[in-house]
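Me: I have a model open and would like to talk through a few of its parts. Could you help me read it?

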Amino acid sequence: LPKHGIIVATALDARSSLVKKLKAAAGGREFSTEEIELFKLTITRHLSALSSGMLLDLNFATDARKYIAKSKACGMLLAYEKGSKKDGPPPLTPGWSVKRIAAEGGNGVKLLVYFNPEWDQKRLEDTKDFVKQVGNECHVEGLPFFLEVLTLDEKTKGAALAQKKPQLVLAATEEFSKPIYRANVLKMEFPVIPKYVKGLKATRNDEKEYVYDVEDTKKFFKAMSDKAKVPFIFLSAGVDMAVFLEMLTLAGESKCLYNGVLCGRATWKNAVSVFAKSGEKGLAEWAQTEGLANLKKLSDVLKKYATPAMARSQL
């Protein structure tokens, strides 16, 4: 954790989704593993300067991991799962353990799971047992456990999903705050889908179909904060930076005691097309300008509205 206790971390553990986005940005050209490594290393070199930590994967970020381990430019979280899996617990990355993550300079472990409280009993129990297993492993090795929970409803989309999102996120927050999972920090979605909030300035909703207003959203943020019994931070879910900042501000105004962000695409998604067209040089220029500017904007909002994690853990 940074000295002020507010987490301003950058998530760069995207794998298959990043490969697809690079390919699309380059008009269908395939990118080699070496090129993906270079993308992650270049962003890490520059954005680590203003990040309290970088979240990296164990598949395409070998060079970036080595850079952080050697430079100590910021903290390093490592994604333990091999990839995302929606129909059950994901496989862990072969050949890795929490012990090895610690030995190679990792300061924390991130695990992603999907969750819906309405799943059948076996699917729920499999997911919960899996989280307990990893939580215990982190506890034994003394590494902080960052648990990312994405709510999932395969049968619902659009405005109907937006209506269900608050109850899903609140249920996930309450469940995985329980001590049995040993999560030190929860990495969570917003309790609403921003596109469907009437009254936001940064969102775009061409259908003009809204599910909540700003006051509704504030109530959901406060309820989420009340459900959380451990520190929690927000992920960006790919929204634009302006939307992310507006939502973080709204959360703070609602007295939601969140503890920072682990922000991925909202910070760096514009870098994908830059790298596809202009290579390492163009990416480095982007990182030094727009990339660092994005982190500065995040830091400014979080200093005003986020709660230090140490204070949250003592509540």
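The turns below look at one strand and one pair of helices.

Reply: Happy to! This is a predicted model, where local features need pLDDT of at least 70, side-chain atom pairs count only at pLDDT 80 or more, and totals for chains, interfaces and linings use all residues. Residues are numbered from 1 along each chain as its sequence is written, and side-chain values use heavy atoms, with hydrogens and water left out.

Me: Is strand β1 largely enclosed or not, and how many of its residues are buried?

Reply: Strands here are DSSP runs of E with at least two residues, and helices are runs of H or I with at least four, numbered from the N terminus. Buried means under 20% relative accessible area (1.4 Å probe, protein chains only), exposed over 50%, and partly exposed in between. Strand β1 covers residues 7-12 and is largely enclosed by the rest of the structure, because the buried count is 6 of the 6.

Me: Which residue of β2 is the bridge partner of Ala11?

Reply: Two strands pair if DSSP finds at least two bridges between them. β1 and β2 (residues 53-56) are joined by 4 bridges in the parallel sense. The partner of Ala11 there is Leu55.

Me: How are α7 and α8 oriented to each other?

Reply: α7 (residues 214-227) and α8 (residues 241-253) pack at about 70°, with axes 8 Å apart. Axes are lines fitted to C-alpha atoms, for helices over the stretch in contact, and angles run from 0 to 180 degrees between N-to-C directions. Angles under 35 degrees count as roughly parallel, over 145 as roughly antiparallel, 65 to 115 as roughly perpendicular and the rest as oblique. The two helices are therefore roughly perpendicular.
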